[in-house]
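Hi everyone, thanks for coming. Today I'd like to walk you through one structure, looking at its empty spaces and at some of its helix pairs.

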Amino acid sequence: MVLASLGKSLTNAVNKLSGKSVLDKELIIEIKNDIFKSLLEADIQFDLAYKLAENLHNRALSEKPPTGVSRRNAMINILYEELTSIMGGVQHSLNLDRKKVNVIMMIGIQGSGKTTTIGKLARYLKHDSWRIGLVCTDTWRPGAYEQLQQLGNKLDLETFGDPDEKNAVKLATNGVKHFTKQDRNLIIVDTAGRHKEEKELLKEMVKLDKKINPDEIILVIDGTLGQSAFNQATAFAQTTQIGSIIVTKLDGTAKGGGAISAAAATASPIKFIGVGEAVTEFEKFDPKGFAGRLLGIGDLEGILDEVQRAQIVPDEERAKEMMKGHISYNDLLDMFESMNKFGGIRKLLDKLPGGLSHSVDDNMLAMSKDNMEMFRNIIFSMTVPERNAYVKLGKTRIDRIARGSGVHPDRVKELVKQKKMAEQMMKQMMKGGKKRGRMPGASPFNMLGMNL
Ligand SMILES: Nc1nc2c(ncn2[C@@H]2O[C@H](COP(=O)(O)OP(=O)(O)OP(=O)(O)O)[C@@H](O)[C@H]2O)c(=O)[nH]1
Ligand SMILES: [Mg+2]
């Protein structure tokens, strides 16, 4: 596992909070120091490690764990969020456009893994139906063209190059022209890593960049470099516009933190990582997933979920609107959360006094987990005004939302119906509540898992 020792020492630090329910400031400082040390050992850049440890410390002192969440779990959640944030926060895709010929240029110092990574990336994108051509512009490394050609052959892709040509810019422009004529829509350009000296190498990258104007420049960084990755990444980032980073050789290195924090210094996202020499040993980089795996806590998902649910609190304005029977799609999302939490709404209603359970339409309750998941996806495809139910969902909007969430428009209409039912249910419950006087625990908001 990538950076396994870092994960282990981080969890050991946080586990010091196990069974502690009272805030112990000294213990928090001890944990902060442990974590800082572990991050430095994994070669995370000093400033970044310091900032993470400081944030963790400040948040642990100022944020009260949500009701029902232990201090340890709250701390795990904070650590997870902070780790995710230094790794770029969210997942990023390559900047490609199906409607044109895209050019990717791969840069990095010698031995970083550019050529190998081109094989991996080409394989990955070929699965996505891109029509790919490879171009070798490395005029320095003996056998560079053959190396790329061999990788290309294995993937059934053509490689453009000429071992006798010494002008990299010429090779690049001719290569792009060649594949554009052949109706390829993705051209990946390999570049040299070796040169007379580093300055010359950087100059060549600038020339190539100007001439072929790539849609995305990918910087390849060797994950075993540790701290020195930082200067390297900065040097490249100062000369060319880096669109993304691929960190290689993260298999079996304890120093991967260096390259990962180097990415943070260039402000370019890591989009993929290399985890072995084989063409298949390549992964799309997801900061959340990576942080999760790094922490290596078996029930991490459960913990994050627990914290998130405990934090759902509706604002008063929203609650008032709901009482009037105006429910938005955002409210529905919360309802779905609560239904999952309480093991189904019928179970909950059965526990309430006053026979409320019978006044609720069974269709509303029969919502399976799959349906809920589908409805959640539909809601996530809505615009903000749509989600807040500020606009009516007419045919055009319904069709667009259906396309966005990959379902038939009838399913979106079903969700609209579910919303109406929820509104009716809310109105009925409010009426019932008034008639009988306010029953303990019978507020619709309690039913939705909201502490109002
Ligand atoms: N373990 C491991 N080895 C890798 C990985 N990626 C590349 N390598 C190895 O790193 C070495 C250098 O890879 P290349 O792809 O030739 O590097 P390059 O950047 O093209 O090098 P130059 O062309 O000399 O600039 C090779 O032995 C690769 O097998 C990886 O993710 N894991
Ligand atoms: Mg190479």
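**Cavities and helix contacts**

Let's begin with the empty space: the count comes to two cavities of 30 Å³ or more. Please keep in mind that this is a predicted model.

I'll take the second largest cavity, which holds about 40 Å³ of space. Which residues line the second largest cavity? They are Leu-3, Leu-6, Ile-44, Leu-83, Ile-86, Met-87, Gly-257, Ile-260, Phe-290 and Leu-294. Three elements give two or more residues to this lining, namely α4 (71-86), α10 (256-266) and α11 (287-295). Sorted by class, the lining has nine nonpolar residues, one polar and no charged ones.

Now to the helix pairs. As a reminder, two packed helices are described by the angle between their axes and the distance between the axes.

Leu-6, from that cavity lining, turns up again in our opening pair, where it belongs to the α1 side of a contact with α2. Helix α1 covers residues 4-15 and helix α2 residues 25-41; their axes come within 9 Å and cross at roughly 175°. That angle makes α1 roughly antiparallel to α2, because over 145 degrees counts as such. Along with Leu-6, α1 brings Ser-9, Leu-10, Ala-13 and Val-14 to the contact, while α2 brings Ile-31, Asp-34, Ile-35, Ser-38 and Leu-39. By class, that gives seven nonpolar, two polar and one charged residues.

Next comes α4, which we met at the cavity, and its partner is helix α12, residues 300-310. Here the axes come within 9 Å and cross at roughly 100°, so α4 is roughly perpendicular to α12. On the α4 side, the contact uses Arg-72, Asn-73, Ile-76, Asn-77 and Tyr-80. Facing them from α12 are Leu-300, Ile-303, Leu-304, Glu-306 and Val-307. These residues divide into six nonpolar, two polar and two charged.

One more pair: how do α5 and α6 run, roughly parallel or roughly antiparallel? The axes of α5 (residues 114-126) and α6 (residues 144-154) come within 10 Å and cross at roughly 15°. The two helices are therefore roughly parallel to each other. The crossing of α5 past α6 is right-handed. Thr-115, Thr-116, Ile-118 and Gly-119 make the contact from α5, and Gln-147, Leu-148 and Leu-151 make it from α6. In this contact, three residues are nonpolar, four are polar and none is charged.

That's my tour, and I'm happy to go back to any of the pairs with you.

Technical notes
Residues are numbered from 1 along each chain as its sequence is written. Chains are lettered from A and ligands numbered from 1 in the order in which they are written. This is a predicted model: local features need pLDDT of at least 70, side-chain atom pairs count only at pLDDT 80 or more; totals for chains, interfaces and linings use all residues. Side-chain values use heavy atoms; hydrogens and water are left out. Axes are lines fitted to C-alpha atoms, for helices over the stretch in contact, and angles run from 0 to 180 degrees between N-to-C directions. Helices (H or I, at least four residues) and strands (E, at least two) are DSSP runs, numbered from the N terminus. Angles under 35 degrees count as roughly parallel, over 145 as roughly antiparallel, 65 to 115 as roughly perpendicular and the rest as oblique. A crossing is left-handed if the near helix is turned anticlockwise from the far one by less than a right angle, and right-handed if clockwise. Contact means heavy atoms within 4.5 Å. Ala, Val, Leu, Ile, Met, Phe, Trp, Tyr, Cys and Pro count as nonpolar, Asp, Glu, Lys and Arg as charged, and the others, Gly among them, as polar. On a 1 Å grid over the protein atoms alone, a cavity is a set of points where a 1.4 Å probe fits but cannot get out, and a pocket is an open set with protein on both sides within 12 Å along at least five of seven lines; lining residues have an atom within 4 Å of a point. Grid points are joined across faces, edges and corners, and a volume is the space filled by probe spheres set on the points.
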